[in-house]
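Work through the exercises below with the sequence and the model in view. Each task is followed by a solution in steps.

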Amino acid sequence: MTIRAIAVNPEHPQEFIEINPETPTPGEYDLRVEVKAASVNPVDTKVHKGAVKNGLQLPRVLGWDASGVVLEVGSKVSNFKPGDEVYYAGDITRPGSNSSQQLIDARITGHKPQSLDWAAAAAIPLTALTAWEGLFERLNLQNATEDQTLLIVGGAGGVGSLAIPFAKLRSNVKVIATASQQDSAQWCRDRGADQVINYKDMIGELEKLGLKQVDYIFCLNDTDGHWETMAQLIAPQGHICTIVENEHPLSMDQLKLKSAALHFEFMYTRSMFTTPDMARQGEILDTVAELLDAGKLQTTLNETLQGLSVETLKAAHQRVLEGHMRGKVVIVY
């Protein structure tokens with residue numbers, strides 16, 4: 001079977017080209033997967049931007065969120081077999097899922113939710129892992145009490161769309177999400193947000209709710225732009241977690257006075273550094289699949305494009321770059 005992939009063109013990195021890679025050979029922990037669908041995330045556009053800026057020697061296949069069928073397993077894989085349906089967020093250091101076949105480490109792979117089709121399943125992994133790790137492994141939200149409050153900055157995006165229900169399902173906090181449009185605000189409420197405020201005036205909006213501070217903040221966009229507001233709003237001994245890198249120095253004065261903590265969440269840390277707890281990501285994905293199959297979560301799929309091609313990949317990247325996505329855009333192969 002000829003493998004088809006869409007890659008960044010090394011001669012003109014702003015463009016994509018179609019290539020035909022050789023069939024990859026699985027390493028001892030690898031699965032070789034026939035990719036059925038893949039979603040596009042901000043990380044795709046950021047890596048593409050980096051390729052445009054820094055150049056490439058060879059074509060690079062992007063894509064780190066997919067669902068598919070296992071074709072072959074490595075010698076040390078025990079929890080998957082050929083024919084199994086899987087979903088995963090991939091490894092940023094390896095060729096991605098914008099390809100008809102891909103190698104993926106079994107330890108960071110989950111069994112696909114049985115209740116979801118390929119597109120709906122592909123919308124989940126990267127954002128689910130980011131939301132789960134941010135909430136429960138960085139903020140330790142599971143230890144929160146009923147009188148505490150979580151502010152999610154960017155509630156209608158891919159990560160926020162899962163962070164809201166995760167927080168409601170597995171903690172006792174009051175969840176306040178930010179959104180600027182009415183339909184985005186309703187999207188957040190439909191996923192369980194107790195309150196929705198406009199991010200353009202978080203301090204004033206929270207004061208209307210009788211709140212001068214919050215105990216936890218999960219920042220999902222524009223760390224630089226929201227930093228002063230977050231530093232003012234975070235409660236003494238509170239916790240801030242952001243998934244967005246800062247481009248400018250962040251003043252720590254307020255956090256120091258408040259003994260508040262700042263956490264960074266980068267979903268690819270475990271695979272990038274082959275951490276001892278790397279298999280935790282596969283476990284999280286299996287737990288999320290159970291929640292989806294039990295009807296306690298819903299997919300964040302919002303738009304589906306048909307067929308793996310230069311045109312569909314460009315269109316999906318453009319949707320993400322516009323910055324107003326609710327949920328996820330997925331390409332079905």
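**Exercise 1: the span and buried side of H10**

Helix H10 (residues 280-293) has 14 residues and spans 20 Å from its first C-alpha to its last, close to the 20 Å expected at 1.5 Å a residue. The expected span is 1.5 Å times one less than the number of residues, and helices (H or I, at least four residues) and strands (E, at least two) are DSSP runs numbered from the N terminus. The model is a predicted one, in which local features need pLDDT of at least 70 and side-chain atom pairs count only at pLDDT 80 or more, while totals for chains, interfaces and linings use all residues. Residues are numbered from 1 along each chain as its sequence is written, and side-chain values use heavy atoms, with hydrogens and water left out.

Task: find which residues of H10 are buried and what they pack against.

Solution.
- Step 1. Apply the cut-offs: buried means under 20% relative accessible area, exposed over 50%, and partly exposed in between (1.4 Å probe, protein chains only).
- Step 2. The buried residues are Gln-281, Gly-282, Ile-284, Leu-285, Val-288, Ala-289, Leu-291 and Leu-292.
- Step 3. An α-helix has 3.6 residues a turn, so residues three or four places apart point the same way.
- Step 4. Packing against the buried residues of H10 are strand E6 (85-88), strand E8 (109-111), H3, H4 and helix H9 (269-273).
- Step 5. Just after H10, Gly-295 has a positive phi of about 80°.

**Exercise 2: H3 against H10**

Task: state at what angle H3 and H10 cross, and which residues make the contact.

Solution.
- Step 1. Axes are lines fitted to C-alpha atoms, for helices over the stretch in contact, and angles run from 0 to 180 degrees between N-to-C directions.
- Step 2. The two axes, of H3 and H10, come within 10 Å and cross at roughly 105°.
- Step 3. H3 is therefore roughly perpendicular to H10; the classes are roughly parallel under 35 degrees, roughly antiparallel over 145, roughly perpendicular from 65 to 115, and oblique for the rest.
- Step 4. From H3, the contact (heavy atoms within 4.5 Å) takes in Pro-125, Ala-128, Leu-129, Trp-132, Glu-133 and Glu-137. From H10 come Arg-280, Gln-281, Ile-284, Leu-285, Thr-287, Val-288 and Leu-291.
- Step 5. These residues divide into eight nonpolar, two polar and three charged. Ala, Val, Leu, Ile, Met, Phe, Trp, Tyr, Cys and Pro count as nonpolar, Asp, Glu, Lys and Arg as charged, and the others, Gly among them, as polar.

**Exercise 3: H3 against H4**

Task: describe how H3 and H4 pack.

Solution.
- Step 1. H3 (residues 125-138) and H4 (residues 158-170) pack at an angle of about 45°, with axes 8 Å apart.
- Step 2. H3 is therefore oblique to H4.
- Step 3. Thr-127, Ala-128, Thr-130, Ala-131, Trp-132, Leu-135 and Phe-136 of H3 meet Gly-158, Val-159, Leu-162, Ala-163, Phe-166, Ala-167 and Arg-170 of H4.
- Step 4. By class, the contact of H3 with H4 has ten nonpolar, three polar and one charged residues.

**Exercise 4: positive phi**

Task: locate Asn-140 and Gln-237 and give their exposure.

Solution.
- Step 1. Asn-140, with phi near 50°, lies in the loop between H3 and strand E9 (149-153).
- Step 2. Its relative accessible area is 32%, so Asn-140 is partly exposed.
- Step 3. Gln-237, with phi near 65°, is in strand E13 (residues 234-242).
- Step 4. Gln-237 counts as exposed because its relative accessibility is 63%.
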